[in-house]
Amino acid sequence: MKTVINANNRYTIGLISDTHGELPLSALSALTGCDLIIHAGDIDSPEVLDRLKEIAPTVAVRGNMDQGAWAQSLPESRMIQVGDVVILARHILTGEQREKEGVRAFVYGHTHRPDATEESGTLYVNPGSASSPRNHHPPSVAKLHVNGKDIQVEHVPLDE
């Protein structure tokens, strides 16, 4: 489990997914200043992660399109402790993942559509796709603003 702790217990976590080998400058700009970046899979190129790591510590999970030796080291799911909350990241949201006790937020990708819903105290967040949006959605990333156990979601549309 990756752990992020700071003195004031306030964090901004950048969320990105489905970059498919492309990382628009607008995504880099939107994620600048984050305490941590979570890439929810379909990265398609290790260079994407290298560029994100220049902005902030970055964790990632493997998506269904992440192939090759570089991707084998990426886990399919990952737990991240951010102050008082636990975040679970996985590329594809499955029913069994909804049952993880103690998880405050579930970050996923795959659909290329931004979304944020809360069910039984767990927040489910899809940042959308930074480079390959679908169904008339603009490219986007998201930010989780964590303050203690409170989490607020901000979807950030990107310039096309």
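What follows is a short exchange about how some labels in this predicted model were earned.

Reader: Let's start with H91. Why is H91 called buried?

Author: The cut-off for buried is under 20% relative accessible area. H91 has 2% relative accessibility, so H91 counts as buried. You'll find H91 in the loop between β6 (85-90) and β7.

Reader: What makes H91 and N64 a polar contact?

Author: The limit for such a pair of N or O atoms is 3.5 Å. The side chains of H91 and N64 are joined at 3.0 Å, so the contact falls within the limit.

Reader: On to charges. How many salt bridges are there?

Author: The count comes to 3 salt bridges.

Reader: What makes R62 and E76 a salt bridge?

Author: The rule asks for a side-chain nitrogen of Lys or Arg within 4 Å of a carboxyl oxygen of Asp or Glu. For R62 and E76 the N to O value is 3.4 Å, so the pair qualifies. R62 sits in the loop between β4 and α3 (69-72), and E76 in the loop between α3 and β5 (77-82), so the bridge ties together parts 14 residues apart in sequence.

Reader: Which of the words buried, partly exposed or exposed fits R62, and which fits E76?

Author: R62 has a relative accessible area of 18%, which is under 20%, so R62 is buried. E76 has 43%, and that lies between 20% and 50%, so E76 is partly exposed.

Reader: And what makes E76 and R90 a salt bridge?

Author: Their N to O value is 3.9 Å, and the limit is 4 Å, so this pair qualifies too. E76 is in the loop between α3 and β5 while R90 is in strand β6, so parts 14 residues apart in sequence are tied together. R90, with a relative accessible area of 17%, is buried.

Reader: How do you know that E118 and R104 belong on the list?

Author: Their closest N and O atoms are 3.6 Å apart, which is within 4 Å, so they form a salt bridge. E118 lies in strand β8 and R104 in the loop between β6 and β7, so here as well the pair ties together parts 14 residues apart in sequence. R104 counts as buried at 18% relative accessibility.

Reader: Which residues make up a network?

Author: R62, E76 and R90 are joined into one network by salt bridges that share partners.

Reader: Now the strands. How do you know that β8 and β9 pair?

Author: Pairing takes at least two bridges. Strand β8 (residues 114-119) and strand β9 (residues 122-127) are joined by 6 bridges, so they pair, and they run antiparallel. P114 stands opposite P127 in β9. The two strands form a hairpin with 2 residues between them, and S120 in the turn has a positive phi of about 50 degrees.

Reader: What makes β2 and β3 a pair?

Author: Again the test is at least two bridges. There are 4 between β2 (residues 10-16) and β3 (residues 36-39), so these strands pair, this time parallel. I13 stands opposite L36 in β3.

Reader: Why are β4 and β11 called edge strands?

Author: The open sheet has 5 strands in the order β4-β3-β2-β10-β11, with mixed pairing. β4 (58-60) and β11 (150-157) each pair on one side only.

Reader: What is unusual about the phi of D18?

Author: Most residues other than glycine have a negative phi. Phi of D18 is near 50 degrees, a positive value. D18 is in the loop between β2 and α1 (25-31), and its relative accessible area is 0%, so D18 is buried.

Notes:
Residues numbered from 1 in each chain as written. Predicted model: local features only at pLDDT ≥ 70, side-chain atom pairs only at ≥ 80, totals over all residues. Heavy atoms only, no water. Buried < 20%, exposed > 50% of the residue type's maximum accessible area, 1.4 Å probe, protein only. Polar contact = N/O pair within 3.5 Å; in protein donor to acceptor, adjacent residues only side chain to side chain.
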